[in-house]
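Me: Could you take a close look at one part of this model for me, the place where chains A and B meet? I'd like one connected walk through it rather than a list.

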Amino acid sequence: MSTTPFLVLSALLFSIGAIGVLVRRNAIVVFMCIELMLNASNLAFVTFARQNGNLDGQIAAFFVMVVAAAEVVVGLAIIVTIYRTRRSASVDDASLLKY
Amino acid sequence: MIVFWVLAPIMVICAVGMVAVRNAVHSAVLLAVVMVSLAIMYAVQDAPFLFAVQIIVYTGAVLMLFLFVLMLVGVDSADSLVETLRGQRAAAGVAGVLLAILLILGITQSTFGAVVGLSKANLAGNVPGLAQLLFSRYVFAFEVTSALLITAALGAMVLAHRERFTPKPTQRDLVLQRMREYASDGIHPGPLPTSGTFARHNSVDTPALLPDGAISQLSISRVMRARGTIRQVVPPQIVSADPRTGQSVPGEPAQIDGGEQ
């Protein structure tokens, strides 16, 4: 089977995730959208591994998963800390660094 | 091929729903659907190891963590629909659609040549092949990953750690405080009365009865009273007894001791 449909699906998911990051206000949902984007890139990696006939793409997807797991752990800890001090998980409320 | 055309629409619909749905828990569930479908996509594309890792790490660990934090932060913290920047939503939507069009045009216009396929690379099995690469060419990246994971775990622990500003109250302090409250405000130092125990109901929404048959307000949760979900209890009629003989007056129903007269 051709790899183009998989890549198109990956591009679609990535764009939807990007829209979600820009549109949503809840920090946790923004994080979920980032995860969606990472997953979409993983799909592209796996697809290109099949296209090129070597396993390097799958290794790259594996590393993306590891980094995503670490990122989720730290990011959610930051969200919990912000929520503890400000009683809000909205990204608009944590704008103090701007000033 | 069939798997792809069945799963791809589901994934796109769920992803759009994840962005559109207001409740964050629904978003998480829709994301779970997308991730499981992605795992099946990996399995279709000769990546059984990534299939397992996707299910275990993403749908198992990461999504569980998301839901855990959602419960911690409060499920009802719905998104505000107020736009802080005017027209930002529409602009973001247009930018996203343009990005999708750009990417799809780029993918469809480029030629990749014939698909090589992984049957040769997976000859010794997918997992041994991946391990061979991971511990030879990518061994440095693998080691760096371990450092990253340790740093992330430490960082999460430091961030989640709550600094204690006052000394932890011991049991002695608690007792003394309770006694002080009893002396000053008359608050009963013992435990609160439990919910009522009757022949039919001993659930938490049944209030306890005081010796005179009145309902004890302390025995029911404040939350349940605010919600108005307290079971209505008809206090049993007290048998009016003759003060001189101690005999119950004939004709009165004796409901407390089961009508045994």
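Reply:
**The core and the A/B contact**

The largest nonpolar core has 71 residues, and those touching the most other members are Ile28(A), Met32(A), Leu36(A), Ala15(B), Leu31(B) and Val34(B). Bear in mind that this is a predicted model. Both chains feed the core: α1, α2 and α3 (56-86) of chain A, plus α1 (2-20), α2, α3 (48-73) and α6 (139-160) of chain B, each put in at least two residues. The top contributor is α2(A), with 16 residues.

Let's zoom in on Val34(B). Setting aside neighbours within four places in sequence, Val34(B) is in contact with Leu36(A) across the chain boundary, and with Met11(B), Cys14(B) and Ala15(B) in chain B. Of these partners, Leu36(A) and Ala15(B) are also on the list of core residues that touch the most other members.

Now for the helices themselves. Helix α2 (residues 27-52) of chain A and helix α2 (residues 24-44) of chain B cross at roughly 10°, and their axes come within 11 Å. Since the angle is under 35 degrees, α2(A) counts as roughly parallel to α2(B). On the chain A side, the contact uses Ile28(A), Val29(A), Met32(A), Glu35(A), Leu36(A), Asn39(A), Leu43(A) and Val46(A). Chain B answers with Ala24(B), Ser27(B), Ala28(B), Leu31(B), Val34(B), Met35(B), Leu38(B), Met41(B) and Tyr42(B). Sorted by class, that gives 14 nonpolar, 2 polar and 1 charged residues in the contact of α2(A) with α2(B).

There's another cross-chain pair to look at. Helix α1 (residues 4-23) of chain A packs with helix α4 (residues 88-109) of chain B at an angle of about 165°, their axes 9 Å apart. With an angle over 145 degrees, α1(A) is roughly antiparallel to α4(B). The crossing of α1(A) past α4(B) is right-handed. From α1(A), the contact residues include Leu7(A), Ala11(A), Phe14(A), Ala18(A) and Leu22(A). From α4(B), they include Arg89(B), Gly93(B), Gly96(B), Leu103(B) and Ile107(B). The contact of α1(A) with α4(B) splits into 15 nonpolar, 5 polar and 1 charged residues.

Step back to the whole meeting of the chains, and you find 68 residues of chain B in contact with 63 residues of chain A. On the chain B side, α1, α2, α3, α4, α5 (126-134) and α6 each supply at least two residues. Here α3(B) gives the most, with 11 residues. By class, the side of chain B that touches chain A has 52 nonpolar, 12 polar and 4 charged residues.

As for chain B overall, the chain has 8 helices and 0 strands. Buried residues account for 16% of its 261 residues. Among chain B contacts with a separation of 6 or more, 37% join residues 24 or more positions apart.

One last detail sits in the loop between α2 and α3 of chain B, where you'll find Asp46(B). Phi of Asp46(B) is near 60°, a positive value in a residue other than glycine. Asp46(B) has 19 other C-beta atoms within 10 Å, so it counts as partly exposed; the buried class starts at 20.

Terms used. Residues numbered from 1 in each chain as written. Chains lettered and ligands numbered in written order. Predicted model: local features only at pLDDT ≥ 70, side-chain atom pairs only at ≥ 80, totals over all residues. Helix = DSSP H or I, 4+ residues; strand = E, 2+ residues; numbered from the N terminus. Buried ≥ 20, exposed ≤ 12 C-beta atoms within 10 Å, placed from the backbone. Contact = placed C-beta atoms within 7 Å. Axes fitted to C-alpha atoms, helices over the stretch in contact; angles between N-to-C directions. Parallel < 35°, antiparallel > 145°, perpendicular 65-115°, else oblique. Left-handed = near helix turned anticlockwise from the far one by under 90°. Nonpolar A, V, L, I, M, F, W, Y, C, P; charged D, E, K, R; others polar. Core = buried A, V, L, I, M, F, W, Y, C linked by C-beta atoms within 7 Å.
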